[in-house]
Structures are given as C-alpha cells and as structure tokens.
Amino acid sequence: MAVLALSGCAESVSPADKGGGGSTEGPIKIGAVLDITGAGASLGVPERQTLEMLAKQVNAAGGINGRQITLLIEDNQSTEDGAARAASKLLQTEKVSILLGASRTGPSLAMRPIAEQAKIPMISLAANEKIVHGSKWVFKSAQNDKVVIENIVDDMAAKGYHNIAIARDASGFGEGIPEMFTDVGKAAKINVVSVEKFAPDATLFTAQMVNVRKAKPDAVVIWGIPPAASLAQVAYRQLGIKAPVYQSHGIGNQVFLDTAGASANGLLASLGRMLVADQLPANDPQNKVVTQFIKDYKAAYGQSPSTFAGHAYDGFTIAVNALKQAGTDPNKLRDAIEGVSNWPGISGVFTMTPEDHSGLTKDALVMVTVDNGKWKLVPAAG
Amino acid sequence: MSDLLQLVFSGLAQGAVYGLIALGFVAIFAVREIVNLAQGEYAALAGLSAISAVTAGVPLLPAVVLVVPMVVMVAVLIERLCIAPIRKMTPLLSIILTLGISTALKAIMLLIWGPQARGLPAFPGRDIVLAGVSIRSQELWILGISAVVGAAVVWAYEHTLLGKAMRACAEQPVAARLVGISPRMATMIAFGVAGFVGAVAGLVGSPIYFSSWDYGLGLGLKGFVAATLGGLVSLRVALFGGLLLGVLENLVAGYIDTGYRDAVAFLVLLLVLLVRPQGLVLKASAARV
C-alpha cells in the first residue's frame, strides 16, 4: 500500500502542462473526488449517486450549451493523501474543467492547494470554513461550521445554557470546533468546560462520555458524522446523561437514524431544510427545488436523499450553471461561480461574494429533532 | 469510582471480542506455524452476513446460528484452496499469503455490502445500571458467550484426543505423521476453529461496535497483539490478553487522551517483542498451549 502511495505521488506532470479544458468543443469534463469508502462512506455514497443522477439529467436534456458532460468520479478512501492523488490525476491527466469534492474537510483541505496551483475552480462539499478561507479558486456548498455553531449557540442562549461539553471528531471536520464555540458563544456567556475527541472510525465511546458526564455540563455537543456520531449518541444515552444533546450538520442522513435508533429521540441538530421538506411552508423559496430533488432521487434510488446528497446537488448545479454562463475558461468560470447570487439550492439560498466562498448564512439552517426515527422541525427557541 | 468501573467494564466487553480473535490466531499457530492475518475478516464477514439475513426478514437467532457454520466453511475453504497447496510453509510466507487473502476478502465484502458500517439488532435483554455503572445487555452477552466459547476451545485443545493430536503436529510433525496423525487434517480443523471464534466475535460485537467491510483488519491487529502476549501459543493467555488490552485501551482513552487508544495495542506489542518475545508466561522451551 505504501509503495503504491509513493509511486502515485511521484507521478507529477510538468508545470507547463497546466490542466483545465479551455477547449470550446467536445464533452465537458467534470471531476469529483468523494469519500466513497472508509470513514466518510455515509457521505460519499449518496453524493456519488446524486452526481451520477444529475449528470444523466443534464445530458438527457441536451447537455451544457449542446456539449455533453463527462463525469469522472474518484474515491479518495476517506484519506487526505488519497484526495490529493485523485485531484492531481483529475486535473493533470484528465484535465477536468472543474473539480468537485471532497466529502469531508480533511480531504478537501488536501485538494485545495492542488486546485489552486492548477488554477481550476473547485467546489468542496464539506463544512469547515478553512477550506475556502482566503482562497481565490476554491468554493464550497455545505454550510460553514461557523454558521451552524451560530445557530446552535442562539438556541443554547435562548434556553439559558452556559457550561457546555463537546465531543468532537478528531479529524479535520472537528478541528477548531471548541475554539469556535468559545468565540461565537462569548456574548451569550457560553463556556466550553470539557472537550473530548473521537476518531472518525472509532467504535467505543464510553471513555469520552464518562468524561463528559464528569464535567456536569448544561448541554453537550456531539460533533461528528455517522457511524461515529451515532455510536456516540448511543453511548451518551447509555450512560444516562441528562443534559440535552446537540448534534452537528454532519448527521443529516438516514444512516444516522438507522444506526442511532431510539437513542436519537429528542436530540437537537442544526440542519438544512431538506430533511424536513414535508414540514416547510409552501412559500419557502427552497420549497420547489427541494421537493423536485427529493422526488427525482427517490425515483432513481428508492430512498430519500441525505443532506450530503444535497451538498452534491448544490455543488454540481452551481458548477453547471456557471459552465452554461461562462464556458470552460477557468477564469471566467471562477468569476461566474463567485457571481452566484440569491440562488435557491438544497442547503439554502446561496449568495457568493469575493469574501464569502460558501454563500450561506445561518438562515440556511433550522433546528431539527428526531422523533421515533423521523426528522421533525423545531420552532425557533426564544 | 463509578467512572473507573464504567471504563473497566466497557473495556472488558470490547476486550472479550479481542480475546476471541486472539484465540483464532493461537488456534492455528499452535497447530502449525501459520500467522493468519485474515482472522479479523471472519468477524466482519459474519457480522455483515447476519445483518443481511436479518434485513431480509430472518429472525435474529436463526440468522446468527446459520452464519456461524457458513463462516467456518469459508475459513476451511480458504485453507483448502490457499494454504494446503503450499508445500513448504514458513511463518513469513503465511503472513504474506494471508494478508493477500484478507485484502481479497475485504474487496469482496466491499462489493457485496458497500462501504457503510451497520450493526446487528441487540440480542434480547434489558440494559441495567449497577453501582453507578451502566451495563448494556449486549455487553453481558459478549462476556458470557466469549467465556463459554473460550472455555470450550481451551478444553478441546487441552483435553480431547483430537486437540492433543493437533498440538502434536506442531511439536513433532514427523513423529505425529508416523503415529497416524495427519498434519493436513489438523491444519484444516484449526482453520475451522479460527473461523468459528472469528464468527462468534463478529456476531456478538456487531450490535455495539458495528460491522463494515474494513473493520476486520484493525480488529485482527488487536487480536494479534493479545495473542502475542501468550507467545502466539497459549490459548488462555490470548483470551486474558484480549481482556487486558480492552481495559487498558479504555483507561488510556478515559484518563489520558482518546487519541492514544489505538496506540496502546502497538505499544504493548513493541514491549512484548522487545522484552519477552516468547510471551508473558511461558519459558522459551515450554510446551505449546
């Protein structure tokens, strides 16, 4: 395995040969690097399904200004080096016009410098703000962590919680989260009294939850993705911790509900509107796009899409719209993505600016709870 | 205090699963010097197969009972196809060979079941709280079933004629053959036993620790470390080594840092190999098992 990894890295292409299909004819290549196997599988699999479905739709409808899409999907095995390797391959060998991915923060961060060096736009489907911070070429379609934290902190402040404990994913997704809570929660006098970490592929959570219980917090935040987030939720309930539990936007899929089971009842999570689409008011700007996407996805795969499928929808659709408008010239394409304004997607209404390459505010999020295996919209607290 | 007990208890349950995997390593190595790195894959295969059966509507008990012989058959089949044809088997060759088998099994499981981790429904029973320690009924099932299976395997290897004959193959292969014991047959049975304990480990653990295509390698490595505590030849030490490792991991995770949990096993392995490569309890010349 190590040998393979090394030889893969050594396979670099001369810098003069900078990737990017500036050509104006033939199929348009869209590359995607997803966490299809490994710890991020519950994100990457629905994302792949979404991309394949949408590419088929666009091609069936005549493609982008008459040009068909060639979709190239690579599995990064949920690793940073896998993501870097896959991104290099797509950019340098395949010369894709735009790069989507990765599913999680760590691999996305590994792809960022490669896309920047190739000067090809990239749209990550992951959450952490670091992915796009200060970047010219990189955008993302998932809500910023900070926006999610603002939403959770608002809810905590309204309910009068002050001391919170955090159990976070030890990989890139959870990196810097406690610091952000401290920062965002300062005004509401919210203190982080205990921080526990878990590996994304961990299976035993007693140790973390014992320490959380010992800290006697007013509320607990579990920040991870399933199955780890589900196992943490189960361990939390098992230890009989009474404090309310908040989960992140990392749990927005059926896998979480299936694996957490009854222990998920009553949790609070800050999530996009898609999961509670059936409970949205009819005049909600996202209503139409979300309802259509759920219908298409169910028809194609026989199950409801997850929020991650939604991130893939947003990333892909933003890319396609920009390609329609600007063609495949990397600079024009980049400008077109940065120009997205007031566009209703699955995760929220996007408005990109040169300073904000993620395009979503906390209005994109709602508080959701779980009631007997179903997502339920919670009216805003306070 | 209840925190300490909580950590120890949930560590014991996890450790029992390691112990069963360790038993599988020793069950083979005590008969023939083969290190079977595919040991953890039996657990993953058993868990995933049982989940499929349950999803298809088979009740839990028949699903579990059906899966065990199936995994035993897979283990024996692998031995027949990949181990038996090799004339001059060395430990190094066996490691390379079984690593290949492990990779192939993982790829097949990924193709069949896809990448997502899932868990079996918990076995019947109610969770209890005892002296401030929250105990899941599944953890009691793990400990109980591991104890019964562990004792049965130890008894079979130490007290039955077949077990003694199998161990004789390891100590004196030529003499064993002269008195009519077939080393080929013994190896095949040993793989069957390894498949059996691996399947049990995968099934009892699945409701808590989940099963996925890539879960076997990590589990196998932990089991291997536990087995080295007994010099790869002591069944009893392998079982207790598993328990010890499980508890140690949980204590390190609870009191030092969860990030070090997976390092514990390999620190233990380094220590054992540096200080007592023959295992914790045996003298270098002591009898196997």
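**Exercise 1. Strand pairing in the first sheet**

In which sense do strand S4 (residues 122-124) of chain A and S5(A) pair, and over how many bridges?

*Solution.* The model is predicted.

Step 1. S4(A) and S5(A) pair in the parallel sense, over 3 bridges.

Step 2. One residue pair can be named: Ile123(A) has Phe139(A) in S5(A) as its bridge partner.

Step 3. Both strands belong to an open sheet of 5 strands with parallel pairing, ordered S2-S1-S3-S4-S5 in chain A.

Step 4. The edge positions are taken by strand S2 (69-75) and strand S5 (138-140) of chain A; each has a single partner strand, so one side of each lacks a neighbour in the sheet.

Step 5. On average, neighbouring strands of this sheet are turned by 20° against each other, direction ignored.

**Exercise 2. A helix on the sheet, and one glycine in it**

Determine which strands H11(A) touches, then describe the surroundings of Gly310(A).

*Solution.*

Step 1. H11(A) packs on the sheet and touches strand S1 (28-34), strand S3 (98-101) and S4 of chain A. The direction of H11(A) makes about 170° with that of S3(A).

Step 2. Gly310(A) is found in helix H11 of chain A.

Step 3. Around Gly310(A) there are 32 other C-beta atoms within 10 Å. The cut-off for a buried residue is 20 or more, so Gly310(A) is buried.

Step 4. With neighbours within four places in sequence left aside, the contacts of Gly310(A) are Gly272(A), Met274(A), Pro305(A), Ile346(A) and Ser347(A).

Step 5. For Ala87(A), 223 residues from Gly310(A) along the chain, the separation between the two C-alpha atoms is 22 Å.

**Exercise 3. A β-α-β unit**

Trace the chain from S6(A) to S7(A) and give the handedness of the crossover.

*Solution.*

Step 1. Strand S6 (residues 163-169) and strand S7 (residues 191-198) of chain A run parallel and are joined by 7 bridges.

Step 2. Within this pair, Val195(A) in S7(A) is the bridge partner of Ile166(A).

Step 3. Between the two strands the chain passes through helix H6 (residues 177-184) of chain A, and the β-α-β crossover is right-handed.

**Exercise 4. An enclosed helix and its flanks**

Why is helix H8 (residues 228-238) of chain A described as largely enclosed by the rest of the structure?

*Solution.*

Step 1. Of the 11 residues of H8(A), 11 are buried, so the helix is largely enclosed by the rest of the structure. Among them are Ala228(A), Leu231(A), Tyr236(A) and Arg237(A).

Step 2. Pro227(A) lies in the loop between strand S8 (219-223) and H8 of chain A. The bond joining Pro226(A) and Pro227(A) is a cis peptide bond, with omega about 5°.

Step 3. Following H8(A) is Gly240(A), with a positive phi near 65°.

**Exercise 5. Backbone features in loops**

Place the cis peptide bond from Gly101(A) to Ala102(A), then contrast the burial of Asn372(A) with that of Phe210(B).

*Solution.*

Step 1. From Gly101(A) to Ala102(A) the peptide bond is cis, with omega near 5°. Ala102(A) is in the loop between S3 and H4 of chain A.

Step 2. Asn372(A) is not a glycine, yet has a positive phi of about 50°. Its loop lies between strand S13 (365-371) and strand S14 (374-377) of chain A.

Step 3. Phe210(B), also not a glycine, has a positive phi of about 65°. The loop that holds Phe210(B) lies between helix H8 (183-209) and helix H9 (215-229) of chain B.

Step 4. Asn372(A) has 9 other C-beta atoms within 10 Å and is exposed, whereas Phe210(B) has 23 C-beta neighbours inside 10 Å and counts as buried.

**Exercise 6. Two interfaces**

Describe the contact between the domains of chain A, then the contact between chain B and chain A.

*Solution.*

Step 1. Chain A is assigned domain 1 (24-143 + 290-360) and domain 2 (145-278 + 365-377). Their C-alpha centres lie 27 Å apart.

Step 2. Domain 1 of chain A gives 25 residues to the contact, and domain 2 of chain A gives 24 residues. On the domain 1 side, helices H2 (41-60), H4 (105-118), H10 (287-301) and H11 (307-326) of chain A each supply at least two residues. That side has 10 nonpolar, 13 polar and 2 charged residues.

Step 3. Between the chains, 24 residues come from chain B and 24 residues from chain A. Helix H1 (2-29) and helix H10 (235-255) of chain B each supply at least two residues of the chain B side, and H1(B) has the largest share, 5 residues. By class, the chain B side has 8 nonpolar, 11 polar and 5 charged residues.

Notes:
Residues numbered from 1 in each chain as written. Chains lettered and ligands numbered in written order. Predicted model: local features only at pLDDT ≥ 70, side-chain atom pairs only at ≥ 80, totals over all residues. Contact = placed C-beta atoms within 7 Å. Helix = DSSP H or I, 4+ residues; strand = E, 2+ residues; numbered from the N terminus. Nonpolar A, V, L, I, M, F, W, Y, C, P; charged D, E, K, R; others polar. Domains from an automatic or database assignment. Pairing = 2+ DSSP bridges. Axes fitted to C-alpha atoms, helices over the stretch in contact; angles between N-to-C directions. Right-handed = clockwise from strand over helix to strand, strands pointing away. Buried ≥ 20, exposed ≤ 12 C-beta atoms within 10 Å, placed from the backbone.
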